[in-house]
Amino acid sequence: MQGRFHLYEGYPIQKITLPMRVFKLMGVQTMIMTNAAGGLNQDFKVGDVMIIKDHINMPGFAGVSPLCGPNEDRFGVRFPCMSDAYDRELRGLALAVGAELGFSDFLKEGVYCVLGGPSFETIAECRMLNRLGADAVGMSTVHEVIVSRHAGMRCFALSLISNKAVMDYDSEERANHEEVLETGRLRAEQLEKLVSTLVGRIEPNNNAC
Ligand SMILES: O=P(O)(O)O[C@H]1O[C@H](CO)[C@@H](O)[C@H]1O
Ligand SMILES: Nc1nc2[nH]cnc2c(=O)[nH]1
């Protein structure tokens with residue numbers, strides 16, 4: 001996909017994730033997703049690329065899930081497991097490929113937290129999310145992962161740390177979308193290289209879920 005749909009654009013969550021079911025019907029077995037996210041982990045720098053190892057689904061806590069409603073049995077079970085949402089093998093492969101490409105300095109692993117947006121977080125919200133165990137915060141990806149996993153597709157996802165979440169009341173920094181876009185432009189080539197090399201290393205017969 002070029003781009004994606006977001007809750008903050010007003011789309012129902014089932015429409016946001018409809019493409020995942022189309023991919024499943026087309027025979028796709030592995031989903032690779034990328035996003036831009038604010039860095040909550042104080043060790044992260046702008047421009048770091050975080051391999052997502054787990055997520056915190058804030059809208060899910062409030063009952064906003066793409067799987068709400070009657071279960072579509074032809075895709076998956078009523079109560080899908082999420083403790084293995086981000087494929088361990090692909091994460092390891094991505095770290096190895098990143099090292100080979102000389103990207104280890106900016107390649108990290110961590111937990112992504114999704115919020116509804118479109119407002120960026122307050123300082124108190126950033127502090128809370130960090131204490132809850134989130135390393136990065138954004139407004140996408142998790143809904144797609146949930147529907148992909150429900151349908152038995154493997155998931156791999158990367159967050160580009162496009163800005164640092166503001167955690168300090170004395171800070172003059174302000175989250176803004178221009179910085180998000182600019183960081184994306186600066187890392188685009190390396191991200192493309194990382195993903196295309198990774199795709200070339202995925203064994204077709206490794207894909208069975
Ligand atoms: O998650 P993606 O769409 O990559 O982008 C992230 O960056 C945008 C905000 O700057 C929001 O869309 C947020 O979700
Ligand atoms: N929620 C959220 N989404 C983002 N996308 C890019 N940066 C951010 C951020 O700081 N917060």
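1. For the shell counts below, Ala, Val, Leu, Ile, Met, Phe, Trp, Tyr, Cys and Pro go down as nonpolar, Asp, Glu, Lys and Arg as charged, and the others, Gly among them, as polar. On that split, the shell around ligand 2 has 9 nonpolar, 5 polar and 1 charged residues.

2. Bear in mind that this is a predicted model, where local features need pLDDT of at least 70, side-chain atom pairs count only at pLDDT 80 or more, and totals for chains, interfaces and linings use all residues. Residues are numbered from 1 along each chain as its sequence is written, while chains are lettered from A and ligands numbered from 1 in the order in which they are written.

3. The barrel: 5 strands close up in the order β1-β4-β3-β2-β5, with mixed pairing (strands are DSSP E runs of at least two residues and helices H or I runs of at least four, numbered from the N terminus; a pair needs at least two DSSP bridges). From one strand to the next the twist averages 50° (between N-to-C directions, 0 to 180 degrees, of axes fitted to C-alpha atoms, for helices over the stretch in contact).

4. β1 and β4 (residues 136-138) are antiparallel, with 2 bridges. One partner of glycine 39 to look at is alanine 136 in β4.

5. Ligand 1 has Arg4, His6, Asn35 and Ala36 among its surrounding residues (C-beta, placed from the backbone, within 6 Å). β1 (30-39) and α7 (177-201) each give two or more residues to this shell, which divides into 3 nonpolar, 6 polar and 1 charged.

6. Around ligand 2 there are 15 residues, the closest being Ala36, Gly38, Gly138, Ala175 and Val180. β1 gives the most, with 3 residues.
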